[in-house]
Amino acid sequence: MSKQIHLAAHFPGVNNTTVWSDPRSLSQIEFSSFEHLARTAERAKFDFLFLAEGLRLREQGGEIYDLDVVGRPDTFTVLAGLAAVTEHLGLAGTINSTFNEPYEVARQFASLDHLSGGRAAWNVVTSWDAFTGENFRRGGFLPEDQRYERAEQFLRTAWELFDSWRGDEIVADKATGTFLADPHAGSFAHRDAHFDIAGRFTVPRSPQGRPVIFQAGDSDAGREFAASAADAIFTGHGTLQAGKEFYADVKRRLPGHGRSREELLVFPATTVVLGDTEAEAHEHAAHIRHQQVSGQTAIRFLEQLWNRDLSALDPDGPLPDFDPEPGENTIAKGRASVRRHRDPVATARQWRELAEAKRLSIRELIIEVTARQSFIGTAAGVAAEMNRFVQEDACDGFILVPHLTPGGLDEFADAVVPLLQERGVYRTEYPGGTLRDNLGLPPLPNPQRSRNAS
């Protein structure tokens with residue numbers, strides 16, 4: 001029997017994916033844009049809408065990096081608003097475990113799960129740089145190994161808070177005047193190296209019990225964390241072979257944590273470009289990429305690797321003949337991309353070899369090396385290829401990242417989704433009432449807590 005495909009939508013914001021200058025592009029912060037994308041995703045029976053989070057505006061050369069996200073509203077506020085204008089769509093938010101506290105985050109997610117009728121999801125992330133941490137009381141104080149240690153303890157602590165209510169405590173018996181059957185409901189006490197908290201959790205058990213847990217780390221520690229605690233993992237491995245290798249790796253880790261393969265779903269991020277013919281689609285995709293990577297954008301990306309001002313270079317000219325400056329990258333503060341270049345000199349050498357082999361200018365090279373996984377073609381061709389990825393265990397579904405806000409999903413919803421439904425690999429109706437149900441995840445065990453009478 002064919003696997004069922006899961007689909008999700010990512011609200012991109014202003015960055016090098018979004019073509020904000022396109023006449024069809026609207027506000028990145030007004031609620032109407034979030035609502036449009038969410039309603040389209042729900043019409044297409046997507047599992048969830050996903051919001052990333054920026055805790056500080058990124059900078060380059062000491063100035064706001066205006067080619068990336070400039071302004072992003074609070075995640076919980078937007079998701080709570082979307083809960084009121086959708087009925088089935090999951091509401092997933094990235095919330096940082098380095099600069100927040102378990103009690104506050106648990107209360108917010110439990111509230112969102114109540115308000116949405118069981119559709120909340122939490123993408124648990126860590127933060128690595130002191131630059132971002134300057135906005136917070138304890139900025140930049142954890143090395144990488146302790147960040148994941150704190151994230152794991154943060155999540156376990158939040159679970160204790162969610163589970164401090166079993167779900168049967170509220171009886172609200174008007175005849176007897178008894179509202180709460182258990183006077184100890186919500187009591188908790190947790191102490192470890194990172195947290196020492198005790199008290200009463202203020203939000204009764206929500207429809208899902210806990211939000212669905214997402215994780216996006218690709219390091220070995222991140223994969224292990226996902227295998228131990230996450231319900232879904234986001235990945236950037238876009239090609240079929242790389243996807244299959246990543247999929248096999250994270251799935252093989254699950255038994256070591258007492259979990260089955262079905263308890264962790266794999267979602268790569270992808271873009272989709274459609275055309276009436278293959279040639280038209282590829283021509284359209286090339287046009288989009290040139291819109292996304294202007295000459296100015298290309299120079300900015302190059303500066304992030306070279307760690308120096310390269311504004312004098314011609315984006316239609318060759319790469320610099322000098323090497324990047326060694327040491328800690330400081331020109332592009334707050335950008336995770338700078339950490340992917342563990343050896344900037346070696347990366348520069350690879351880029352030069354690629355540019356020479358294909359005779360690429362700076363702009364053409366940046367277009368190639370920054371490209372996301374994409375499905376490009378006719379609606380029928382895209383539907384077939386997406387299905388191939390899922391059936392061959394490269395993933396369980398996809399997070400679509402549109403290049404237009406807010407109408408970037410409209411064509412996919414109208415043209416590709418019906419073809420997936422005709423293949424019998426995609427739902428025609430939502431199967432359950434909660435996000436956990438719709439993702440096909442096993443139900444959570446009901447918490448059994450022994451409470452001593454006070």
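Is isoleucine 170 buried, partly exposed or exposed? Select isoleucine 170 in this predicted model and show its surface. The residue is partly exposed, with a relative accessible area of 40%, a value that falls between the 20% limit for buried and the 50% limit for exposed. Isoleucine 170 belongs to strand E7, which covers residues 170–173. Add Phe179 and Leu180 to the selection: together with Ile170 they make a nonpolar patch on the surface, and the accessible area of the three is about 270 Å².

**Salt bridge beside strand E7**

Next, select arginine 166 and aspartate 182 and show their side chains. The two meet in a salt bridge, with an N to O distance of 3.3 Å. This pair links distant parts of the chain, 16 residues apart: arginine 166 sits in the loop between helix H5 (144–162) and E7, and aspartate 182 in the loop between strand E8 (178–180) and strand E9 (187–191). Are these partners buried or exposed? Arginine 166 is buried at a relative accessible area of 18%, and aspartate 182 is buried at 11%. Both values count as buried because the limit is under 20%. The structure holds 28 salt bridges, so the next stops take in some others that meet the cut-off of 4 Å between side-chain nitrogen and carboxyl oxygen.

**Helices H6 and H7**

Move to glutamate 224 and arginine 253. Their side chains form a salt bridge of 2.6 Å, N to O. Here too the pair links distant parts of the chain: glutamate 224 is in helix H6 (residues 220–229) and arginine 253 in helix H7 (residues 240–253), 29 residues apart. Glutamate 224 is partly exposed, at 31% relative accessibility, whereas arginine 253 is buried, at 9%.

Which residues are linked with this pair in a network of salt bridges? Extend the selection to Asp218, Asp220, Arg223, Asp249 and Arg252; with Glu224 and Arg253, they are linked in a network of salt bridges.

**Strand E12**

Select phenylalanine 234, found in strand E12 (residues 232–235). The residue is buried, with a relative accessible area of 9%. Now pick phenylalanine 267 as well and draw a distance between the C-alpha atoms. The two phenylalanines are 33 residues apart along the chain, and their C-alpha atoms are separated by 4.9 Å.

**Aspartate 276**

Go on to aspartate 276, in the loop between strand E13 (265–274) and helix H8 (278–292). Aspartate 276 is exposed, with a relative accessible area of 67%. Draw a second C-alpha to C-alpha distance, this time from aspartate 276 to glutamine 4: the residues are 272 apart in sequence and 26 Å apart in space.

**Backbone checks from residue 359 onward**

Select arginine 359 and look at the backbone. What is its phi, given that arginine 359 is not a glycine? The angle is positive, about 55°. Arginine 359 lies in the loop between helix H11 (344–358) and helix H12 (362–369) and is exposed, at 76% relative accessibility.

Aspartate 393 also has a positive phi, about 60°, without being a glycine. Look for aspartate 393 in the loop between helix H13 (379–391) and E15. Its relative accessibility is 29%, which counts as partly exposed.

While there, select glutamate 392 and arginine 388. Their side chains meet in a salt bridge of 3.3 Å, N to O. Glutamate 392 is partly exposed at 32% relative accessibility, and arginine 388 is partly exposed at 38%.

Then select threonine 405 and proline 406. The peptide bond from threonine 405 to proline 406 is cis, with omega near 5°. Proline 406 is placed in the loop between strand E15 (397–400) and helix H14 (410–415).

**Last stop: a cavity**

Turn off the surface and display internal cavities. How many cavities of 30 Å³ or more does the structure hold? There are 2. The second largest has a volume of about 40 Å³. To find the second largest cavity, select its lining: Phe34, Leu51, Arg72, Pro73, Asp74, Thr75 and Val78. Sorted by class, this lining has 4 nonpolar, 1 polar and 2 charged residues.

Note on methods:
Residues are numbered from 1 along each chain as its sequence is written. This is a predicted model: local features need pLDDT of at least 70, side-chain atom pairs count only at pLDDT 80 or more; totals for chains, interfaces and linings use all residues. Side-chain values use heavy atoms; hydrogens and water are left out. Patches are made of residues with over 30% relative accessible area and no salt bridge: like charges are joined within 9 Å, nonpolar side chains (Val, Leu, Ile, Met, Phe, Trp, Tyr) within 5 Å. Accessible areas come from the Shrake-Rupley method with a 1.4 Å probe; for residues, only the protein chains shown count as cover. Helices (H or I, at least four residues) and strands (E, at least two) are DSSP runs, numbered from the N terminus. Buried means under 20% relative accessible area, exposed over 50%, partly exposed in between (1.4 Å probe, protein chains only). On a 1 Å grid over the protein atoms alone, a cavity is a set of points where a 1.4 Å probe fits but cannot get out, and a pocket is an open set with protein on both sides within 12 Å along at least five of seven lines; lining residues have an atom within 4 Å of a point. Grid points are joined across faces, edges and corners, and a volume is the space filled by probe spheres set on the points. Ala, Val, Leu, Ile, Met, Phe, Trp, Tyr, Cys and Pro count as nonpolar, Asp, Glu, Lys and Arg as charged, and the others, Gly among them, as polar.
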